[in-house]
Amino acid sequence: MRTKYTSLFFPIFFFVTVINVSGQQAWFRPDTLTTVTSKGQKMANPWAGGLNASQFLKMKLNDDADEDLVVYDRTNSKVTAFVAAADPANAGKKIFVHAPYYETLFPPADNWIILADYNGDGYKDLFTSTSLGITVYQQVRSQNAWTWKLMESALYTKGFSGNINLQVSGTDIPGITDIDDDGDLDLITYDFSGTYIELHQNLSMEKFGVPDSLGNSKNPIFMRNGDCWGNFHKGDLEDFIFGADCGVVADPSKRVMHAGNSIVLQDLNGDGKKDMLVGHVSNEHISFLANSVTGIAANYVSFTNTYPATDPVSLHIFPAAFLEDVDFDGVKDLLIAPSVSANDLNLTDFKSSGWFYHNAGTTTKADFKLVRKNFLQDQMIDVGENSAPIFVDIDADGDLDILIGTGGNPVTGGFKGSLYLLRNEGTAAEPKFTLESEDYLGLLTGLSLYNIKPQWADFNGDGVPDLGFAGTSTSTLNMEYRYIPNKAAAGAAPQLKLTDAVTITMPAESLTGDSPYFYDADNDGDLDLLVGKGQGNIYYYSNTGTSKQFAFKLETDAFAGVGINFSGRSPQLAVTDFDLDGRPDLATVDHTGNLRVFSGAEWGKWTERQGALVETNGKGLDINFGNYLAIGAGDLNGDKKPDLVIGNNAGGIRLLTNVLPVTVTGVEPPASHDFKVYPNPASGYFKVLSSETGALQIFNTNGQKLLSDQLVTAFREQEISTLNWPAGLYLVVLKTGDSQIVKKIVAK
């Protein structure tokens, strides 16, 4: 059967501009302005996206006098950028403000990033991990803009047996600094056993008198100097053994659990010699090693694992140290975060994993004072990890609130997830959120689940949306699905009790890590099931049962052509009409970090998957939102276009406003046409008039059916009540023979 869609036949309805979708056309714009208040204080960067295993670095992102802050999160392989700006709450002071544009300028990176000026031009360059060792990008400035230029895909060093690529273990963070104060950058890194530190001395100044050489595989500029460096090696547990003869010369012409080290060099006790802060994967503390000599041949003679002496560092695993001035007093402070790619044994609280010590001394004679253990995290929505947000009007006041499922946090009784509630205390057009609850409905105490993924849909077919959620059992480690029936009347504030939860039996092939999304795909009045799989494909199940008794039949394991693919693993889904053409679209986010949308055709018959959708510097680009993303859709700002909320592995939220050039305008008196829907907008009711007999269906923008196949008689006006409808946009569908006409109407 051929189906005809017509969205705008008559002037009584919205006028919609023609959309020319291309790689340059942005669909969404990052929202950094909508406010969130927590514990009575307005957050500075609520939508910055969360942080887990942070690496803190500074460079100039814009053209003012201050260095800005770059944070690389190892769990997300992602940069978050902040610019120094005036603090609106404290006159004369400065804070770091999230600046997502600059994040798009950074190249892909794994494991670690170090910013350091290798060529002496005054601009910091970028060193990062690669399977070959170390990749180097040069910062290139042009007028008021800057970019990264790939200089070397791998650095090489002259080792004891020839030229080799300069390897750094993927678990390590090396030290890249001018050790001998000759003007070029040297490199120290642990060997692969994690026992000895290797020195790779940069000979640029010695050979050429300038520091800008990186060498190549045939002519390395780095040279391995000595058997080890510092005259010590790692001992058992948190010990160090001193007195080794490393054999380092001025002119270069036993085991622990496993490797994983971080290194920072800096004179911290004021004696003019480069001391060292070392973190290790099997240690809970930062080790301070005191150096007794200056120059290239260091000699470390003592250590302490109680550092700083007051409020010493103590993390569950692998603390890494960073020295940067983050309170704008010109003195480098101490920042600590776990250097991990995932939550080892689920013992780390990733919503409070960035320790900030203010330096009350000087950069070279430090006096570190612990200020907080959630640096930057306290100024953003950060639920720990694996945030899964949705829009829902939780109090039926006409504006959208936000529910956030959490990946989990270590609490009494184990690692458990919950629901956060951000209540909208603004309006439908100007939202203002307050963090009202970190355990909405008591999931944290009432259930033993983690990786909570909520959805708002009519699960039991009574015409009122319910709260569904997936979660992983802490006991069986299996994915489970429940919904809480909403016992309120349509349009009233939801009435939800966890004790009323109903379990839905999922398909037999369901796995931990699956991402279920319920949607009536076949328009038969009950919810079918789409599942984003860990291998990257999308399963589609039709519901052959009813809204009261689900029975799933697998129709395809590659819905919309999305088959198994490693880069796009763990897709998460949202269905709504993003482009307002009267047809439901499918939005996906996955491990690529990108947002993509299927649109422009009937459901499931799409031939193109749109990308490059997020506005950046006036263009639509692919933006990296991190790993293990989740997505929700809804009209947040009252312009009748669906906006997006995206969660990620770092436990944060990104808010995106729909900026497609679709304009909803006023109405004119109905003319003589085939199908009329009026008045529009509707206040309490609207009428339909058709020149043909047909069946009427009504959907909200989430695809939920409010009216099913009501008879419409030709040339007979019928009235439809909207008294119990939430304010918003609805689709009115008239089916006549082998065609259907779709109208949009706004209920006030």
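**View 1. Leu-376, a buried residue with positive phi.** Leu-376 has a relative accessible area of 7%, so this residue is buried, the cut-off being under 20%. The structure shown is a predicted model. Phi of Leu-376 is near 70 degrees, a positive value in a residue other than glycine. The residue sits in the loop between strand S27 (368–372) and S28.

**View 2. Leu-477, a partly exposed residue with positive phi.** This leucine also is not a glycine, yet its phi is positive, at about 65 degrees. Leu-477 occupies the loop between S35 and strand S36 (479–484). Its relative accessibility is 47%, so Leu-477 counts as partly exposed.

**View 3. Domain layout of the protein chain.** The domain assignment splits the chain into domain 1 (51–246 + 256–379), domain 2 (388–658) and domain 3 (675–747). Domain 1 is given as two segments, 51–246 and 256–379. How far apart are the centres of domain 1 and domain 3? Taken over C-alpha atoms, the separation is 62 Å.

**View 4. Ser-204 and its contacts.** Ser-204 belongs to helix H2 (residues 204–208). Is Ser-204 buried or exposed? Its relative accessibility is 0%, so Ser-204 counts as buried. Neighbours within four places in sequence are left aside here. Beyond them, Ser-204 is in contact with Asp-184, Gly-209, Val-210, Pro-211, Ser-213 and Ile-221.

**View 5. The disulfide of Cys-228 and Cys-246.** The count comes to 1 disulfide. Its partners are Cys-228 and Cys-246, with sulfur atoms 1.8 Å apart. The torsion about the S-S bond is about -95 degrees, so the disulfide is left-handed. Cys-228 lies in the loop between strand S17 (222–224) and strand S18 (232–234). Cys-246 lies in the loop between strand S19 (240–242) and strand S20 (261–266). The pair therefore ties together parts that are 18 residues apart in sequence. Cys-228 counts as buried, at 2% relative accessibility. Cys-246 counts as buried too, at 0%.

**View 6. The cis peptide bond at Pro-308.** Tyr-307 and Pro-308 are joined by a cis peptide bond. Omega is about -15 degrees for this bond. Pro-308 is placed in the loop between strand S23 (300–304) and strand S24 (319–324).

**View 7. The cis peptide bond at Pro-679.** From Tyr-678 to Pro-679 the peptide bond is cis, and omega is near -10 degrees. Which loop holds Pro-679? The loop runs between strand S51 (675–678) and strand S52 (685–690).

**View 8. The paired strands S34 and S35.** Strand S34 (residues 449–457) is mostly covered, with 7 of its 9 residues buried. S34 and strand S35 (residues 466–473) run antiparallel and are joined by 7 bridges. Leu-449 has Ser-473 in S35 as its bridge partner.

**View 9. Strand S53 between its pairing partners.** S53 pairs with S54 and with S56. Of the 7 residues in S53, 7 are buried. S53 and S54 run antiparallel, joined by 5 bridges. The bridge partner of Gly-694 in S54 is Val-712. The hairpin of S53 and S54 has 4 residues between the strands. In that hairpin, Gly-703 takes a positive phi near 85 degrees. S53 and S56 also run antiparallel, with 6 bridges joining them. Here Leu-696 stands opposite Leu-734 in S56. In a regular strand, side chains alternate between the two faces of the sheet.

**View 10. The largest pocket and its lining.** The volume of the largest pocket is about 1,100 Å³. How many residues line the largest pocket? The lining holds 50 residues. Asn-700, Trp-725, Pro-726, Ala-727 and Tyr-730 lie nearest the centre. Several strands give two or more residues to the lining, among them strand S28 (388–392) and strand S48 (630–634). Strand S53 (694–700), strand S54 (705–712) and strand S55 (718–721) also do so. Strand S56 (728–736) and strand S57 (739–747) complete the list. Which element gives the most to the lining of the largest pocket? S54 does, with 4 residues.

Terms used: Residues are numbered from 1 along each chain as its sequence is written. This is a predicted model: local features need pLDDT of at least 70, side-chain atom pairs count only at pLDDT 80 or more; totals for chains, interfaces and linings use all residues. Side-chain values use heavy atoms; hydrogens and water are left out. Domain bounds come from an automatic or database domain assignment. Buried means under 20% relative accessible area, exposed over 50%, partly exposed in between (1.4 Å probe, protein chains only). Contact means heavy atoms within 4.5 Å. A disulfide is a pair of cysteine sulfur atoms within 2.5 Å. Two strands pair if DSSP finds at least two bridges between them. On a 1 Å grid over the protein atoms alone, a cavity is a set of points where a 1.4 Å probe fits but cannot get out, and a pocket is an open set with protein on both sides within 12 Å along at least five of seven lines; lining residues have an atom within 4 Å of a point. Grid points are joined across faces, edges and corners, and a volume is the space filled by probe spheres set on the points.
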